[in-house]
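The following exchange examines a single protein model by question and answer. Please consult the sequence and the coordinates alongside each reply.

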Amino acid sequence: MKKIRLVINNDAKKLEKEMFFMKKELKCILNLYAKMVSKGSWKDYSFSSGNKEISFDVYLRTSEKPVLKITKNLKPNYLNEKFFIKDRNGKVLKKSENLNQLIDKTSWNNLRLVK
């Protein structure tokens with residue numbers, strides 16, 4: 001009689017969890033969004049995802065391209081490239097390894113984009 005072994009692939013579960021923002025990260029982003037909506041700076045948001053990144057897109061008007069993207073890099077090359085803030089053209093404005101620090105250290109009132 002042959003022995004049967006049970007193989008558990010724990011890495012697959014870990015990868016599935018990382019395919020979106022974690023609860024703490026999403027809470028931090030939505031708190032910032034609520035603050036900026038109350039000031040009248042931001043109007044709408046959406047999520048976009050790909051193989052390498054997922055992003056929270058911010059709009060001034062729903063008919064336009066997103067003005068800012070808060071992006072989580074799923075496959076970073078370096079530790080400080082885990083989270084990005086990108087403008088509408090995809091240029092990286094700021095990057096950090098910790099989302100809370102990235103959001104807290106960014107002066108959102110002085111961050112104005114020229115069309």
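Strand 5 and the sheet

Ser96 is found in strand 5; strands (E, at least two residues) and helices (H or I, at least four residues) are DSSP runs, numbered from the N terminus. This is a predicted model, in which local features need pLDDT of at least 70 and side-chain atom pairs count only at pLDDT 80 or more, while totals for chains, interfaces and linings use all residues. Residues are numbered from 1 along each chain as its sequence is written, and side-chain values use heavy atoms, with hydrogens and water left out.

Q: Is Ser96 buried or exposed?
A: The classes rest on relative accessible area: buried means under 20%, exposed over 50%, and partly exposed in between (1.4 Å probe, protein chains only). Ser96 has a relative accessible area of 12%, and therefore the residue is buried.

Q: Which residues does Ser96 touch, not counting residues up to four places away in sequence?
A: Contact is taken as heavy atoms within 4.5 Å. With residues up to four places away in sequence left out, Ser96 touches Asn80, Glu81, Lys82, Phe83, Gln101 and Leu102.

Q: What order do the strands of the open sheet have?
A: Two strands pair if DSSP finds at least two bridges between them. The sheet is open, with five strands in antiparallel pairing, and its order is 1-2-3-4-5. Strand 1 and strand 5 (92-96) pair on one side only, which makes them the edge strands. From one strand to the next the twist averages 15 degrees, where axes are lines fitted to C-alpha atoms and angles run from 0 to 180 degrees between N-to-C directions. The order asked for is thus 1-2-3-4-5.

Q: What pattern does the protein chain follow along the sequence?
A: The protein chain contains three helices and five strands. Read along the sequence, these elements give the pattern α-α-β-β-β-β-β-α.

Q: Which residue in strand 3 stands opposite Phe56?
A: Strand 1 and strand 2 run antiparallel and are joined by six bridges, and a hairpin of three residues connects them. Phe56 in strand 2 is the bridge partner of Phe47. Strand 2 is also joined to strand 3 by six bridges, again antiparallel. On the strand 3 side, the residue opposite Phe56 is Ile70.

Q: How many residues of strand 2 are buried?
A: Strand 2 has seven residues and is largely enclosed by the rest of the structure, because the buried ones among them number six.

Q: Which residue in strand 4 stands opposite Thr71?
A: Strand 3 (residues 68-73) and strand 4 (residues 83-87) pair in the antiparallel sense over five bridges. Opposite Thr71 in strand 4 stands Phe84.

Q: Why does the salt bridge of Glu25 and Lys72 tie together parts far apart in sequence, and how many residues separate them?
A: A salt bridge is a side-chain nitrogen of Lys or Arg within 4 Å of a carboxyl oxygen of Asp or Glu, and the closest N and O atoms of Glu25 and Lys72 are 3.2 Å apart. Glu25 is buried at a relative accessible area of 14%, and Lys72 is buried at 1%. Because Glu25 lies in helix 2 (residues 23-39) and Lys72 in strand 3, the parts tied together are separated in sequence by 47 residues.

Q: Which residue meets Lys86 in a salt bridge?
A: Lys86 is buried, with a relative accessible area of 14%, whereas its partner is partly exposed at 29%. The N to O distance is 3.3 Å, and the partner of Lys86 is Glu53.

Q: How far apart are the closest N and O atoms of Glu64 and Arg61?
A: Glu64 is partly exposed, with a relative accessible area of 25%, and Arg61 is partly exposed at 46%. The two form a salt bridge in which the closest N and O atoms are separated by 2.9 Å.

Q: What is the area of the nonpolar surface patch made by Phe20, Leu30, Tyr45 and Phe47?
A: Patches are made of residues with over 30% relative accessible area and no salt bridge; like charges are joined within 9 Å and nonpolar side chains (Val, Leu, Ile, Met, Phe, Trp, Tyr) within 5 Å. Tyr45, in strand 1 (residues 44-49), is partly exposed at 35%. Accessible areas come from the Shrake-Rupley method with a 1.4 Å probe, and for residues only the protein chains shown count as cover. The patch has an area of about 320 Å².
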